[in-house]
Amino acid sequence: MTYEETITYLYNSAPLFQHVGKDAYKEGLDTTLKLDKHFGHPHRKFKTIHVAGTNGKGSCSHTLAAILQSAGYKVGLYTSPHLVDFRERIRVNGKPVSQDHVVNFVEQHRSFFEPLHPSFFELTTALAFNWFAQEEVDVAVIEVGLGGRLDCTNIIHPDLCIITNISFDHVQFLGDTLAKIATEKAGIIKPGIPVVIGETTPETKPVFIEEALKQGTPIHFAEEEKLLLSSAFDNQGRHIYQTKNYPNLVGELGGFCQEKNTNTLLSAIRVLQSAGYHIEEPHIRQGFAHVCSLTGLMGRWQKIHESPLAFCDTGHNKAGIQYIVEQLKHQKYHRLHIVLGMVNDKDITGVLALLPKDATYYFTKASVSRALAETEVQLLAKEAGLSGEAYPDVDSAVKAAFANAEAEDFIFIGGSTFIVADLLKKQH
C-alpha cells in the first residue's frame, strides 16, 4: 500500500473520532493491553510525561516537548487531533513519523490487530509507542486523547502527570458535572507519581485531593504556587512573562489562554527538575520562544494574514471560546469578521451566546461528518442575535470574509478544530 492508501485504510477500518464522534469511542483498556503485549510493551523503553485536561493540553504538551528538546533530550510527542497530516500526531524532536513506518506498521501487523477491531486511537497509540521505542527516545510527552481513566494512553507509568483544567466537553462520555469530568481526568493519577493541577474549581479540587491521597501521590496546584507573576504583549504579539525565576520570559504562543498554561508549565518544570531532569534556564527560554518551529505546533491563535489581520484558533468549547472572545476585545480594528463552524456534540448555544454581536459572520461547516450544517449554525446564531451568510465549506467562507474585509478590519476563523484544519490544509 502507498501512504495515502494506508491512511484511508486506517480511517475506514478503525473509525476516527475526529470524523464520526461517539461511534468511534471505545471504553476500556482491554484492546490496548492486547496491542501493548503484542508489541512487547514499547512504552516501558522510555520515560513518559502524561498530560490531560479539557483545554490547553496540546499547547502544554508541545511547549514541554520544546523545552526538553532544548535541554538535549530526544523527545517523542504524541498529540491529537491532527490538522493537516496524520503524521503530526507522532513526532520525534519535532519531526513527524515517517510515511514508511506508518505503511510498514499496518502491513506487518494488520493480521494481528484486525480481529481485535481496535479504534483508530487505539491503533494510533500503539503505532506511536512502537515508533518512539524504535527511535530510542529519552522521554515522550503523551497527551491524553479523551478523558483519562479509560483512555488508551493510560497504560504508561510516567514521571509526571499534568492535568491542565476541567470544563464541560464530551459530557456524553465523561459526565455532566465538573466533578464527574474531573474524576475521569484524575484517572491518570498513579501511585507515588507527582501530579500538577493547572486550574481548579470548588467542584474539582476535592476530587483531585481525594484521588492523590488514595494513590499516595504528591499533588501540586499551580494556581497556589503562583510562579507566574504577570504578563504583557510585545509588538509582535508574543507574551512577555514575569515569573519568580525567569524575568522577561518570551512566549511565542500569543493567546490569552497561554497565561494559565504557562503557570501550569512552570510548576511542571520545577517538579521535573526535582525528579532529576536536567532543565536549565536557557532551555526553558528556548522552548517557550520557539515552540512552533521546534515541535510543529499550529492553530493556537495563529496569524495567517497581515492586512487585513487574520487569526485562527482551535478553541472549540465554552471555556476555550471565552478566551478568544476576550482576545478579540483587545484587538484594534474597523470591522470584525468571524468565520464560524462547529461540530454537533458541543454546547453550541452556550458558545454562540458568548460571541460578539457586532461582528459580520460567515457560517460554514468543516469536512467531517460531525460538522453541524452551516444553515443550522446560522439559524441557532440568529436566535443568539448573530447575523451573517452561510457557506457550504470553509474555503468559500474564508474567501467571502477576505473579499468583504478592508485593510484595517480583523478576521477570525474558528469555532472548531476542524474548521482550522480545513483552513490550514488549503494553505499547505
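Trainee: Is Asn 248 buried, partly exposed or exposed?
Mentor: This is a predicted model, so every value here is computed. Asn 248 sits in the loop between strand E10 (239–243) and strand E11 (249–251). Its relative accessible area is 46%. Buried means under 20% and exposed means over 50%, so Asn 248 counts as partly exposed.

Trainee: What is the phi of Asn 248?
Mentor: Asn 248 is not a glycine. Even so, its phi is positive, at about 55 degrees.

Trainee: Trp 301 also has a positive phi. Is Trp 301 buried or exposed?
Mentor: Trp 301 is not a glycine, and its phi is about 40 degrees. Look for Trp 301 in the loop between helix H13 (291–295) and E12. Its relative accessible area is 8%. The cut-off for buried is under 20%, so Trp 301 is buried.

Trainee: Which peptide bond joins Ser 80 to Pro 81, cis or trans?
Mentor: Start with the place: Pro 81 is in the loop between strand E2 (75–78) and E3. Then take omega, which is about -5 degrees for this bond. The bond between Ser 80 and Pro 81 is cis.

Trainee: What is omega for the peptide bond from Ser 307 to Pro 308?
Mentor: Pro 308 lies in the loop between strand E12 (302–305) and strand E13 (309–312). The bond from Ser 307 to Pro 308 is cis. Its omega is near 5 degrees.

Trainee: Now the sheet. In what order do its 8 strands stand?
Mentor: The sheet is open, and its pairing is mixed. Strands of a sheet pair through backbone hydrogen bonds, either parallel or antiparallel. The order is E4-E3-E2-E5-E1-E6-E7-E8.

Trainee: Which strands stand at the edges?
Mentor: An edge strand here has a single partner strand, so one side is left without a neighbour in the sheet. The strands at the edges are E4 (95–96) and E8 (219–221).

Trainee: Which residue in E4 stands opposite Val 92?
Mentor: Strand E3 (residues 90–92) pairs with E4 in the antiparallel sense, over 2 bridges. Across from Val 92 stands Lys 95.

Trainee: What angle does helix H9 make with E8?
Mentor: Helix H9 (residues 205–215) packs on the sheet. H9 touches strand E6 (160–163), strand E7 (195–197) and E8. The angle between the directions of H9 and E8 is about 160 degrees.

Trainee: Which helix lies across strand E1 (47–52), E6, E7 and E8?
Mentor: This helix covers residues 258–274. It runs at about 170 degrees to E6. The name is H11.

How values were computed
Residues are numbered from 1 along each chain as its sequence is written. This is a predicted model: local features need pLDDT of at least 70, side-chain atom pairs count only at pLDDT 80 or more; totals for chains, interfaces and linings use all residues. Side-chain values use heavy atoms; hydrogens and water are left out. Two strands pair if DSSP finds at least two bridges between them. Helices (H or I, at least four residues) and strands (E, at least two) are DSSP runs, numbered from the N terminus. Contact means heavy atoms within 4.5 Å. Axes are lines fitted to C-alpha atoms, for helices over the stretch in contact, and angles run from 0 to 180 degrees between N-to-C directions. Buried means under 20% relative accessible area, exposed over 50%, partly exposed in between (1.4 Å probe, protein chains only).
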